Amino acid sequence: MKARPRFWFLFAWFFLLLCLQGAVAEGGKFVLFSAQEEPPDIVVAVRASATEKLAAKELRDYLERMTGRKISIRQDRWVKPKAGERMITIGQSELNEGVQTSGVSREQYVMEVTPERLAIVGGKGDSRGVLYGVYDLLEEFGVRWYRPEPWGEHVPTVQQLELPLGRKVSSRPTYEYRSVVSAGFTRLAEKTLDQSEAASRWALRHRLNGSDVGTNPAYGGQFRPVSSHSYYKRIPVEKYFDKHPEYFCLYQGERRKFRPGVNLRPGNPTGLQLCLSNPEVQELFAQSIIEEARAAKDLNSTSFTATPNDACPFCECAECVAMDDPANPTSMSNRVCAFTNIVARKVAAAVPNAKVSLNVYSSWTAAPTIVKKMEPNILIHIAMINEWADYTKTLEAPAPNFNRRILENFERWKQLGVSRIYMYEYWSGYGWKGPMPVVRTMADRLSAYRKFNVRGIYNETCPSWGPQGMELYFCAKLLWNPDLDVAAELERYYQNYYGPAAKPMKAYHEVLMDALEQSPNVVFSGGRGMHLLFTPALVAKLGAEMEQAEALVKGHELYERRLKGMLAGYEVARQVSDILVLKNREGVATESPKWPGKTYLKSDNAEAAYEKLVAYIVSLSGVDRDSVFDISAAPPHIVYMKTDVLENAALGAIANEDKLLKPFTN
């Protein structure tokens, strides 16, 4: 009888706990904004870093635009929280002292939500993680940055914003290096300061971290495993050739200062490589890197490039040739890697933490065969150029598949001891100015690369935002989150970006992506070969959707402006399709200037039509217009597209043009 009161007491207490838990579950949220309550203030430390101040400002500005209400930013020294008072606390501050960030890196953040507080704190040091926390939150609320300009943003109007209670520690980014618009808003055209700043801010909001974000200290710094062409920079011909011609390339029987008969350009200022077998060249090259490394502020976030010049002949001296594999003398991988190993050893002895980067590219993309080991301080960037990439197939699709070569190459580089691999991609139209439907292609690669210890991706971008803006946007999104629900995000893109034209523009893009996957022809890096996708039948189908879209956005200034670039890309594809029809109808089989023994169809009328196409592209270029095509007007940088369309340069080794153009009939 004595035990009964205790039993009922325990039962009542347990029942009360259940009720309390139910109340917490029902009311378990932080109300950021509602029609009935004033929005909370944002609080930062008196000595907040520039990054934390920017994070607070970005959050305030977008919340104000979403809610139509004013929000104050205050300093923690002057804030004495009252019971029940709601606030948003950003960064390291007195009010966030209880937020534990041990083990959280500079690209991570902690978000804690209580009924009275939303706290966002970055990881160690002057972390950009606090910015990433703000941008993740804004995206959760529906904000999107589709293009760098203000009119490329989507900011929803909301009646209420709330968050569930709890603590979240963001995961480390899948890829430590993420670069999409490193050349800025434009790459080839002259750009304005406003465009440069817009590109940097767009990159920051998408959590890119290469040179894309610029040098503003508030943006949290850069991660730069540099891989640019560098032979000509490390041992300049102007400085050394007169006294030491032996440092330079033996070409056609002579040590030469410049390669005769070529148009020299940045990245190829001499037209030739160095004499890599020369011990003095090896020493000078290493000392150049050592000097640069000793002056570097942060050896953890950068590397020092040892990459050959772009598209240049290699030295023909007996000593250099002896560095090659006799079984494969056209591959330059063995001599390049042997030289890089020598340099890397010298660098390691002088600056142990310095890393040497090599862009494996062109004739030295394949792993070497007689070099048995790569030095541990070497990292590589694999350039997915030309026949190393086919955008019509997934990476691991069964043969025939050009992409299978890179899987084999991953394994060979791994066997050589390379532990840090970065990819150098070309998911942008250096060889094609029309539509570039590679969203699914990028999603496939960025999901698959994780299996092969790929640490990051640089996408060389020729940013034609008009026809290819969707791809640039998704490239940035997928680099940050390779597990992105692409179908859902595409649906959101169609609705937000095109507004009343969402339905036909969804059909337009989906038809294009389907056509790429079903193409009988390969499409290489930079969109080379993409022109063959646009048969008259496909162009007609796309044209019908575009016509509907034009009608639906008429009178809606924002959506007319956004559609303009896609219209321009479609027009390029339509004109190219007409050119190929002309070639198929009246072209004369002519020997290819690039592929001996192969033919293309030459047509004077087609060449004249191509010049009209160039004039159209140039007419939509320039800093005083919305960025549609990335182009320099004098001369137009569309060399690859010209030779691909007029001379079948991209696919001439695979088939004669008369075979490829069979679908191009009226």
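This section describes two sheets, a helix pair and the salt bridges of a predicted model.

One open sheet consists of six strands with mixed pairing, arranged in the order S3-S2-S4-S6-S5-S10. Its edges are taken by strand S3 (73-75) and strand S10 (166-169); each has a single partner strand, so one side of each is left without a neighbour in the sheet. Averaged over neighbouring strands and with direction ignored, the turn of one strand against the next is 20°. At the S10 edge, strand S5 (residues 109-113) runs antiparallel to S10 and is joined to it by four bridges. Within this pairing, Gly166 of S10 stands opposite Val113.

Two helices are associated with this sheet. Helix H2 (residues 50-67) packs on it through contacts with strand S2 (41-44), S3 and strand S4 (87-90). The direction of H2 makes about 145° with that of S4. Helix H3 lies across S4, S5 and strand S6 (117-122), and its angle to S6 is about 135°.

Helix H3 also takes part in a salt bridge. Asp136 is paired with Arg207, with 2.6 Å between the closest N and O atoms. Asp136 belongs to H3 (residues 129-140), whereas Arg207 is located in the loop between helix H4 (193-205) and helix H5 (231-234), so the pair ties together parts that are 71 residues apart in sequence. In total, 44 salt bridges are present in the structure.

A further open sheet is built from six strands in the order S11-S18-S17-S16-S15-S14, and its pairing is parallel. Strand S11 (177-179) and strand S14 (304-305) form the edges, each pairing on one side only. Strand S17 (residues 421-425) and strand S18 (residues 454-459) run parallel and are connected by five bridges. Tyr424 has Tyr458 in S18 as its bridge partner.

Helix H17 (residues 604-619) and helix H18 (residues 639-647) form a helix pair whose axes come within 11 Å and cross at roughly 155°. An angle over 145° counts as roughly antiparallel, and H17 and H18 are therefore roughly antiparallel to each other. The crossing of H17 and H18 is right-handed. On the H17 side, the contact involves Ala606, Glu607, Tyr610, Glu611, Leu613 and Ile617. These residues meet Met641, Lys642, Val645 and Leu646 of H18. By residue class, the contact of H17 with H18 comprises seven nonpolar and three charged residues, with no polar ones.

How values were computed: Residues are numbered from 1 along each chain as its sequence is written. This is a predicted model: local features need pLDDT of at least 70, side-chain atom pairs count only at pLDDT 80 or more; totals for chains, interfaces and linings use all residues. Side-chain values use heavy atoms; hydrogens and water are left out. Two strands pair if DSSP finds at least two bridges between them. Axes are lines fitted to C-alpha atoms, for helices over the stretch in contact, and angles run from 0 to 180 degrees between N-to-C directions. Angles under 35 degrees count as roughly parallel, over 145 as roughly antiparallel, 65 to 115 as roughly perpendicular and the rest as oblique. A crossing is left-handed if the near helix is turned anticlockwise from the far one by less than a right angle, and right-handed if clockwise. Contact means heavy atoms within 4.5 Å. Ala, Val, Leu, Ile, Met, Phe, Trp, Tyr, Cys and Pro count as nonpolar, Asp, Glu, Lys and Arg as charged, and the others, Gly among them, as polar. A salt bridge is a side-chain nitrogen of Lys or Arg within 4 Å of a carboxyl oxygen of Asp or Glu.
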